[in-house]
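Dear colleague,

I am passing on the structure below, and I would be glad if you kept it open while you read the notes that follow it.

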Amino acid sequence: MPPRLLSPLHLTTCCSRALRPSTNPPSLVSLFAGLSIGTTTSTSSITTTTARRNASILASLSDNKGAYNKRIRVGRGASAGKGKTSGRGHKGQGQHGKVKPWFQGGQTPLIVQRGTKGFDNLRAPRMSKLNLDKLQQWIDAGRIDPTKQITVKEIIESGLIGTVKDGIKLLGRGKQDLRQPIDIMVSRASASAIDAVEANGGKILTRFYTKQSIRRILRGESENTDKPLPVGKEYVASVLAEARSKPFKYRLPDPTSREDIEYYRDPAHRGYLSHLLKEGESPSLYFKVPIPRKRVVKPGRAALQKAKKASADDLLW
């Protein structure tokens, strides 16, 4: 490639240096060296520096492999693989027009004949999933303190759960990675997660939350407690006095639907309402625990005949 051309200002500087008077009269070679392009001249010695241009990389630019797919050109001859009919086949509706994917040739669709199975429960709570291996990673990184109770607020503020949903469910993936006892309170928990936490000497409690109540906890407008609201007229005065003494605006709600009440009344789920169960009482509000009854043994035929004969012998007339 040709050398890079110098600017007019640089040329003027070179010429002025070459023509500048000095104590030693410059030679003719030094004068021509000062006027040459791409060289610099000093009074003591002549230093020639050739300006070089880096090799251009524009010719070698290319996309990463797999960055784009080559467009398929149809109708360009049989050798291209998509010539003649352009991949549409011969005649018919598929070649002449568009057919929707669910069209079945005019017959009654199978979804109409057979129907659908099941349904989507739009009222079911949407839970954020939290696994034990991810929780252990946050503890190892120092983002969660295992010596204190781990609640919904600590989990969300540490970035372990991003989206605020109707609650958090603790799952047992990576239960072998859990190495220290923890005290955690979440919305729900699986059986494997409960066993893993308690096997390490920890404690787990499930509490009812809603999306709005979780947001109020994050804003500091509600207290995160595991105590339910007592029911009864005799508790109204004490509850109001306690609420007015605290800086919180709202209290946490308690479950109202039968399904939620039965879940948090069940000791197997470590629900915060399980202490309300009486001895021998079922967590279900509909089904009752069957009362064990004494088995009545009916006498056999031989015993009945013997008793009848004995009673006949006792008759006086």
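In this predicted model, Lys-70, Arg-71, Arg-73 and Arg-76 form a positive patch on the surface. One of these residues, Arg-73, lies in the loop between β2 (46-47) and α3 (93-96), and with a relative accessibility of 46% Arg-73 counts as partly exposed.

Turning to the strands, there is an open sheet of 3 strands in the order β3-β4-β6, and the pairing is parallel. β3 (127-131) and β6 (188-189) stand at the edges, where each has a single partner strand, so one side of each is left without a neighbour in the sheet. Strand β4 (residues 167-171) is joined to β6 by 2 bridges, and Lys-169 has Arg-188 in β6 as its bridge partner.

Side chains of opposite charge can pair when their charged atoms come close, and the count of salt bridges here comes to 10. Among them is the one between Asp-140 and Arg-179, whose closest N and O atoms are 2.6 Å apart. This pair links distant parts of the chain, since Asp-140 belongs to helix α5 (residues 132-140) while Arg-179 sits in the loop between β4 and β5 (183-186), 39 residues apart. Asp-140 is partly exposed at 48% relative accessibility, whereas Arg-179, at 53%, is exposed.

Another salt bridge brings together the side chains of Lys-246 and Glu-242, at 3.3 Å from N to O, and salt bridges with shared partners join Glu-223, Glu-242 and Lys-246 into one network. Lys-246 is partly exposed at 30% relative accessibility, and Glu-242 is partly exposed at 44%.

With best wishes

Technical notes. Residues are numbered from 1 along each chain as its sequence is written. This is a predicted model: local features need pLDDT of at least 70, side-chain atom pairs count only at pLDDT 80 or more; totals for chains, interfaces and linings use all residues. Side-chain values use heavy atoms; hydrogens and water are left out. Patches are made of residues with over 30% relative accessible area and no salt bridge: like charges are joined within 9 Å, nonpolar side chains (Val, Leu, Ile, Met, Phe, Trp, Tyr) within 5 Å. Accessible areas come from the Shrake-Rupley method with a 1.4 Å probe; for residues, only the protein chains shown count as cover. A salt bridge is a side-chain nitrogen of Lys or Arg within 4 Å of a carboxyl oxygen of Asp or Glu. Lys and Arg count as positive and Asp and Glu as negative; His and the chain ends are not counted. The place of a charge is taken as NZ of Lys, CZ of Arg, CG of Asp or CD of Glu. Helices (H or I, at least four residues) and strands (E, at least two) are DSSP runs, numbered from the N terminus. Buried means under 20% relative accessible area, exposed over 50%, partly exposed in between (1.4 Å probe, protein chains only). Two strands pair if DSSP finds at least two bridges between them.
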